[in-house]
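User: I am new to this structure and would like a close look at a single part of it. Please keep the sentences short and explain each term as you go.

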Amino acid sequence: MDVLILMGSPRQAGNTARSLEPVQEVLRAQGHRCRTVRLYEKELRGCTACRTCQKDWSVFGCPQHDDMQEIFDLVLSCDLLILATPIYSWYCTPPMKAVLDRLVYGMNKYYGGEKGPALWAGKPVALVSTCGYRPEKGADLWEEGMRRYCKHSQLRYLGMLAERHLGYDTVFMDWEKAERAAHFAAGLCRKLDGGEPAAPSHIPDPGHI
Ligand SMILES: Cc1cc2nc3c(=O)[nH]c(=O)nc-3n(C[C@H](O)[C@H](O)[C@H](O)COP(=O)(O)O)c2cc1C
């Protein structure tokens, strides 16, 4: 299967990148192809709420000319989408947020007069994040937001790997984190194969946004 990793950290050899290494190793060992897009190297503008994307239900349809069309095409064609981000101010980094905003409108044709389809309905999504606080207090709002985002967008939320960074003067990666990352990736493989249910969402549908 084709796995697309959207990498939202500005530090290409930082903690989030290190967390991704064992994840990719396991996915590749299981025969999956991994492709990473480094969002900080792309030109990505924010959604301007013009709603041009709602006119044609068969295409992305965003009138902005930046790197988002390429990302849209890769997301649409992948079999598993992994969103990797350090937590910044209790959520994801700015380019990841720009991508999420552009996709929630570009993929979900819900915002014209008539409710249309979610072009990416059923796509599995997983999160890899790192944060300074304990993950329960650092990455919880990001996960909650993404659970709602997935439910709203008819995506299949598979779960989050979140690891704590104790400071820039400490070594981030250790064998326990590597083991948890490998275990997380093995779980993703099982869920993709249909052997294990996706992470349940207990959040009511937020409706239109
Ligand atoms: C601007 C900025 C904002 C941050 N905000 C948070 C936060 O709200 N909560 C948290 O737990 N950690 C926060 N952190 C810490 C990072 O999430 C953490 O150091 C992370 O592991 C960095 O990952 P990276 O090496 O991939 O960049 C912040 C770091 C920066 C630079």
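Which residues does Ala-162 touch, not counting residues up to four places away in sequence?

Analyst: Two notes come before the answer. Residues are numbered from 1 along each chain as its sequence is written. The model is predicted, so local features need pLDDT of at least 70 and side-chain atom pairs count only at pLDDT 80 or more, while totals for chains, interfaces and linings use all residues.

Ala-162 touches Ser-129, Cys-131, Pro-135 and Ala-139, leaving aside residues up to four places away in sequence. Touching means contact: the C-beta atoms of the two residues, placed from the backbone, lie within 7 Å.

Where does Ala-162 sit? Its place is strand S5, residues 156–164. Strands (E, at least two residues) and helices (H or I, at least four) are DSSP runs, numbered from the N terminus. Ala-162 is buried, because 22 other C-beta atoms lie within 10 Å. The cut-offs are these: buried takes 20 or more other C-beta atoms within 10 Å of the residue's own, exposed takes 12 or fewer, and partly exposed is in between, with C-beta atoms placed from the backbone. Pro-86 is 76 residues away from Ala-162 along the chain, yet their C-alpha atoms are separated by 9.2 Å.

Pro-86 leads to the ligand. Pro-86 and Cys-131 are among the residues that come nearest to the ligand, along with Gly-14, Gly-132 and Gly-138. The shell around the ligand holds 16 residues. Near means that the C-beta atom of a residue, placed from the backbone, lies within 6 Å of the molecule or strand in question. Two elements, H1 and strand S4 (124–131), give two or more residues to this shell. By class, the shell has six nonpolar, nine polar and one charged residues. Here Ala, Val, Leu, Ile, Met, Phe, Trp, Tyr, Cys and Pro count as nonpolar, Asp, Glu, Lys and Arg as charged, and the others, Gly among them, as polar. Cys-131 thus appears twice in this account: it is touched by Ala-162, and it is listed by the ligand.

Now follow H1 away from the ligand. Two packed helices are described by the angle between their axes and the distance between the axes. H1 packs on helix H6 (residues 175–192) at about 40 degrees, with the axes 8 Å apart. Axes are lines fitted to C-alpha atoms, for helices over the stretch in contact, and angles run from 0 to 180 degrees between N-to-C directions. H1 and H6 are therefore oblique to each other. Angles under 35 degrees count as roughly parallel, over 145 as roughly antiparallel, 65 to 115 as roughly perpendicular and the rest as oblique. The crossing of H1 past H6 is right-handed. That means the near helix is turned clockwise from the far one by less than a right angle; anticlockwise would be left-handed.

Who makes the contact? From H1 come Ser-19, Pro-22, Val-23, Val-26 and Leu-27. From H6 come Lys-177, Ala-178, Ala-181, Ala-182, Phe-184, Ala-185, Ala-186 and Cys-189. These residues divide into 11 nonpolar, one polar and one charged. Glu-21 also belongs to H1, which spans residues 15–29. Glu-21 is partly exposed, because it has 13 other C-beta atoms within 10 Å. The C-alpha atoms of Glu-21 and Ala-181 are separated by 8.4 Å, although their places lie 160 residues apart along the chain.

A second helix pair is H2 and H3. Their axes come within 11 Å and cross at roughly 65 degrees. H2 passes H3 in a right-handed crossing. Met-68, Ile-71, Phe-72 and Val-75 of H2 meet Val-99, Arg-102, Leu-103 and Gly-106 of H3. By class, the contact has six nonpolar, one polar and one charged residues. Arg-102 is buried, because it has 24 C-beta neighbours inside 10 Å. Arg-102 touches Cys-47, Cys-62 and Met-68, with residues up to four places away in sequence left out.

Last come two loop residues. Most residues other than glycine have a negative phi. Ser-89 has a positive phi, near 50 degrees. Ser-89 is in the loop between strand S3 (80–86) and helix H3 (94–106). Ser-89 counts as exposed, because it has 8 C-beta neighbours inside 10 Å. Arg-51 also has a positive phi, near 65 degrees. Its loop runs between strand S2 (33–38) and helix H2 (68–77). Arg-51 is exposed, with 12 other C-beta atoms within 10 Å.
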